[in-house]
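Student: Before we trust any label attached to this model, I would like to go through the reasoning behind a few of them.
Tutor: Then let us take them one at a time, setting each value against its criterion.

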Amino acid sequence: MKDNKKTTDSVVTDRMGRFIGQLRVHEGVSLQQLAHGLCSVTYLNRIENGEREIGKQLTDAFFQRLGKPAELFERILDWDEFQQWQKRQEIITHLNNGDIAAARASAAEYSATTAEVLDQQFLAIVELDCCALEGATSAQLLPMVDTALKLTQPTFEADPVDTLLLSQNEGRLFFAHLKLREELEGFSAVAQEYQALLRYFTKNRYDSRERVYLIPYVALRVIENDYAARRFSAALTLCENILEELTKEHRLYAYAELLEWKQRLHDATGNPDRTPKKLLSHLKSLMEYAPQKVALLVPCEELGNVYCLNQVIRDRRKLLGISQEELSADICAPHTLSRIENHGGKIQRKKRRQLLQRVNMSGERYDYEIITDRYEDYLLRSELDRATTSEDWSRVQPLLTTLWKRCADTPTNRQYFIKKEAIVKTFLEDGHSEKLSRGDFARKLEDALHITLPLDIDQIDTYPACALSINEILGLLPLASCYEKLGMYQKSLSIFLFLRRCLESSSANVTFYADLYTRVEVGIASVLGSLGQCSESSAIINKCLKLVIQTQRSGVLARFLLGEVWNMAYHLENLPSESCSAEEQKLDTMFHHAYAAAIISGDVVRQRSIPKYYRRRYGIDINL
């Protein structure tokens, strides 16, 4: 790879705004369409030119209207915005718990601090959900839904669905509008609009990661209508397509309801396959791990990893052993930095970037594995990921080289490429001149990490917790797993525990970055199991099963359940024979739960390994 690479712009502009402009142009959306109901065209133009910074809510809305997942980037928020975000999470938690009084009280506090249109819409949704929980009628709720939607979609009743650009909140409000009208006027009055909304979410612009939050529920209404009209083939095709998409994206939105419909459609067409019913039975058992959430008319959630800027600067400075005087030199006065670290004062854009870069972050408020403002680079990176997932190594290296040439030579970008190249080289065929052994792989990952975290990995359990970048987390995770495979269990466990401390030290709720947290917990549970600490491993597994189900995610579900299988099998070995029968039955059930979870989540590794392990133990093939 070349050393004479281009450097970043010296002009301090907002890369996220420029990125949004690139994305909008790529998707063929006009300034007027994207800005509609959210801001003026002039304001959006200034955002796209990098002249104006925008907050998390508006950024999320732009991403979602363009059909892209808002959680693509980590968010490093200024203190005031972070406080607002935390207050929204508090309100959402109250709603999910069905605590109407607490939700309204928190919403009243929040409303006194803001007048932004997206905040007004959020508060309107909160009141709408509170009224629905209190038993308001459809006739009472419909005008409230329409009022909330018109805050950002003032002409939605007159405009065809296909012409709209909908954020998640807007999409959920529109769906609630249709459901309430259906209850009042009958399905025929809204059947065409359900179909139009379904077509809307299947446009090429929509990334499947973004549309899965709502499309399963829209599909259920269409499937039910097709079933009533005896259009079984169309209903089954739609049902299978949505289930496939949920499996691909490791989500559980309406998965149980779709399985019910798939079995009903099998029965209606004379198909003897009972697999959907069997999967549904296992899924319902797994759902019992998590407490029931209150069903809200318009669910609220904000996705993506969030950190507080002031905490990031303070904690990383301490981790890196930098004094306030050293960090503030040529940027600001030491007392200004002290005020910033203690959650005071507004940080200028240039100073914020300089401070973040000095504590080895990218300098951006919106961080990711690579830092660029060209949407084409993210498309190239997605193509690289697909090639890696499919193990098409003939494509991987040229794509990696091309992307590296296009990206600025910054420490965080360099870290990503060294880490990525090391991972690729571990998958080369045995005997290949560039194939990395596990030991060499671990050393390469440590080299990449040392670009921003010059820590002694052998002493990692002595370092204070701090906010880590996504590259640092995704470098430490495979490093810890590599040491586990090398039999260096204590070293592996120390890395996993450091990651856990870092994630838990953030002021953000652990459930907010559930994917990262559960991947860390999988590692801890695995190492503890290898060390024979099976009861401790099982305690972690049960806690995380609750979190995974609660957040509608299935990606690591089979891994957790297989870990519990190993723990239960180990426990059985130490039981007297007369006590084994009931425990063996529980183990058999857990085997089947794990296998069902592997199918539901598309986990092909465990779809292969679970039947092999089952056959070795019982001498027969596993059968759902």
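Student: Are glutamate 170 and arginine 65 buried or exposed?
Tutor: In this predicted model, both glutamate 170 and arginine 65 are buried.

Student: What makes glutamate 170 and arginine 65 a salt bridge?
Tutor: The closest N and O atoms of glutamate 170 and arginine 65 are 2.6 Å apart, and the criterion asks for a side-chain nitrogen of Lys or Arg within 4 Å of a carboxyl oxygen of Asp or Glu, so the pair qualifies as a salt bridge. Glutamate 170 belongs to helix H9 (residues 168–185) and arginine 65 to helix H4 (residues 56–65), so the contact ties together parts that are 105 residues apart in sequence.

Student: How do you know that glutamate 224 and arginine 221 are separated by about one helical turn?
Tutor: They are three residues apart in helix H12 (residues 215–228), which is why the separation is given as about one helical turn. Their closest N and O atoms are 2.4 Å apart, and they form a salt bridge.

Student: Why is arginine 221 called buried, and why does glutamate 224 count as partly exposed?
Tutor: Arginine 221 has 15% relative accessibility, and buried means under 20%, so the label buried follows for arginine 221. Glutamate 224 stands at 36%, which falls between the limits of 20% and 50%, and therefore it counts as partly exposed.

Student: What are the labels for aspartate 226 and arginine 231, whose side chains meet in a salt bridge?
Tutor: Aspartate 226 has a relative accessible area of 5% and is buried, whereas arginine 231, with 39%, is partly exposed. Elsewhere, salt bridges that share partners join Glu53, Asp78, Glu81, Arg349, Arg352 and Arg365 into one network.

Student: Why are strands S2 and S3 said to stand at the edges of the sheet?
Tutor: The three strands form an open, mixed sheet in the order S2-S1-S3. Strand S2 (306–308) and strand S3 (366–367) each have a single partner strand, so one side of each is left without a neighbour in the sheet. Strand S1 (residues 74–77) pairs with S3 in the antiparallel sense over two bridges, and the pairing criterion is at least two bridges, so this pair meets it.

Student: What makes the phi of asparagine 360 worth noting?
Tutor: Phi is near 65° there, a positive value in a residue other than glycine. Asparagine 360 is found in the loop between helix H19 (349–358) and S3.

Notes: Residues numbered from 1 in each chain as written. Predicted model: local features only at pLDDT ≥ 70, side-chain atom pairs only at ≥ 80, totals over all residues. Heavy atoms only, no water. Helix = DSSP H or I, 4+ residues; strand = E, 2+ residues; numbered from the N terminus. Buried < 20%, exposed > 50% of the residue type's maximum accessible area, 1.4 Å probe, protein only.
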